[in-house]
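Visitor: I've just opened the model and would like a walk through it. Start with whatever vocabulary I need.

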Amino acid sequence: MTGGYDERCAADLAAVSEGRDLSRADRAWLARVVTGAVRPNRDRPLWDLAHALAALARATSAREGRDLVTLALDPGLSTAANCEARFSGRVAADARGLVLEGDDGWHTGWTGLARLLALGEFVLTAEELAGFGTVTGWLDELIAAPDSEGAAFLAKRLARHHAAYRNAHLPLAREERRFRALLGFLGGRRAFSDADILAFWQAEMVAGERPGFRTIAEHFVTFEAGAHLVDGLDGLASAASLDAQETGHRGWEERLDAALADLAAAEPAASLAALLADWPEGPKILTGAEREDLADFLRLEPFHRTRPLTTLRAASFGRVQSGIANRLRRGGGGADIAERAACTDAESYAALAERAAALAAHLARMLRIAAALRILERDALSDEARATLDAAEADLRRVRRAGFEDRAGLTAGFAAAETALLRVAEETGRLERALAALARQHPLDIGFEADRTVFAAALSAAYAREAAA
């Protein structure tokens, strides 16, 4: 994928741009329209296209039949000279070429018409002519009634048609909708709190959407990453970032490189969820249950260290809601759903914190064993380091897990998992410290009971119909 669109969309854009030999500026305009990067109304070019086609239809005699389709598909007919020759006496012209006018003061000149016809060709030919029959049928209807109402109706059709195309070929389109929904909820703010995440989920539940709390939290993770990137790009784009100092532009390359490096460093090469999903085969450093627990805690990276309360809410009540959704998919309902919605089986925050601490201790133990397997020459080490490695050797002899009985295979297995183990162990340690800090600020038991009341009310109301079935 490039530029926010997939290979199919790139091929569709290239076919029109190269076939018409569009200028760089016109190619950029077409790409912005196709991807919806037009503000304030992304569908305005489609509205303009519909009115331009209506104006052309009014200037097209009945005998010329599907001249609108011909105009859109034949680049040779989309030149100023040819269009003026074809429509001479039927539309206005000025010193710069053809001028089309419509209702409510709408008009476009030759440059605008050429761009709109390129957009028309894109709509007709996209996805290897998949929508050609549908769109030409709409143009036939417009030719039969090329008035303002016909143009407005065609504009709505084109907008729906192209919205479906964007959803299919612009993977970032869904993210943009979520981003705008969150930005609207936050009143334009980019900063948010744990309370904002919970409030947004509650609002969605009241609206009948019933999204998972974990899903909403993941959307806020994406929103926060996007907001940080926008802030960074704003800093790069500001004039002060280059010439605020008395030295003027001297050294701007180094400052720009440093700023870009900071942006790149903010995005790790692999997510924790990916590391856990692709955990190397070999010695059972982590059991399946341990990996699932870690995935529960770390899936909202970086919230496990920056927003531990949301992490606890997702691990406890998010799991409850997931259980309800799974039960409904299997056709369940009634008292079982009502009991689950009441959050009677939600795991307490204190229990989750204990589980996180146990995972952190286990991973620290595995790191010590990895060091003991790697460091064979210990004479030059300090007494403290040797004692640590000796303790790790003793731990290794006590471990009863698959793959730990073969020293050679164990060494190779730990070497293969070294990168993932270091990263997951470090982040689990951060999670443990973040939860401990949260517990010092707000007692976990009190916070859990307060949240259970909130989640139980929201879930019971959202799933009341299924609970009563």
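Guide: Burial comes up often, and a residue is called buried under 20% relative accessible area, exposed over 50% and partly exposed in between, using a 1.4 Å probe and protein chains only. This is a predicted model, in which local features need pLDDT of at least 70 and side-chain atom pairs count only at pLDDT 80 or more, while totals for chains, interfaces and linings use all residues. Residues are numbered from 1 along each chain as its sequence is written, and side-chain values use heavy atoms, with hydrogens and water left out.

Visitor: OK, how many helices and strands does the chain have?

Guide: The chain has 23 helices and 3 strands, taken as DSSP runs numbered from the N terminus (H or I over at least four residues for helices, E over at least two for strands). Of its 469 residues, 41% are buried.

Visitor: What about backbone oddities, say the phi of Arg210?

Guide: Arg210 has a positive phi, near 55 degrees, although it is a residue other than glycine. It lies in the loop between α10 and α11 (213–237), and it counts as partly exposed because its relative accessibility is 29%. Asp21 also has a positive phi, of about 55 degrees, without being a glycine; that residue is in the loop between α1 (7–19) and α2 (24–35), and at 62% relative accessibility it counts as exposed.

Visitor: And which way round is the peptide bond from Glu301 to Pro302, cis or trans?

Guide: That bond is cis, with omega near 10 degrees, and Pro302 belongs to the loop between α15 and α16 (303–306). For context, most residues other than glycine have a negative phi, and most peptide bonds are trans.

Visitor: Switching to packing, how many aromatic pairs turn up?

Guide: A search of the whole structure gives 15 aromatic pairs, where rings of Phe, Tyr and Trp (its six-membered ring) pair if their centres lie within 6.5 Å, and planes under 30 degrees apart are stacked, over 60 edge-to-face and the rest tilted. One of them joins Phe185 and Phe200, which is edge-to-face because the planes are at 80 degrees, with the ring centres 5.1 Å apart. This pair links distant parts of the chain, 15 residues apart, with Phe185 in α9 (172–185) and Phe200 in α10 (194–206).

Visitor: Are those two buried or exposed?

Guide: Phe185 is partly exposed at 35% relative accessibility, whereas Phe200 is buried at 8%. Both belong to a cluster linked by ring pairs, together with Phe192, Phe220, Phe223 and Phe303.

Visitor: What sits over the ring of Phe303?

Guide: The charged end of Arg307 does, 5.4 Å from the ring centre; the rule asks for NZ of Lys or CZ of Arg within 6 Å of the centre and within 35 degrees of the ring normal.

Visitor: Last topic, cavities: how many are there of 30 Å³ or more?

Guide: There are 2 cavities of 30 Å³ or more, a cavity being a set of points on a 1 Å grid over the protein atoms alone where a 1.4 Å probe fits but cannot get out, with lining residues having an atom within 4 Å of a point. The largest holds about 70 Å³, its volume being the space filled by probe spheres set on the points, which are joined across faces, edges and corners.

Visitor: Which helix gives the largest share of its lining?

Guide: That is α6, with 5 residues, while α3 (44–58), α4 (67–73), α6 (110–129) and α7 (132–144) each supply at least two. Among the lining residues are Leu49, Leu68, Gly120 and Val135.

Key
1 Å grid on protein atoms, 1.4 Å probe; cavity = no way out; pocket = protein on both sides within 12 Å on 5 of 7 lines; lining within 4 Å.
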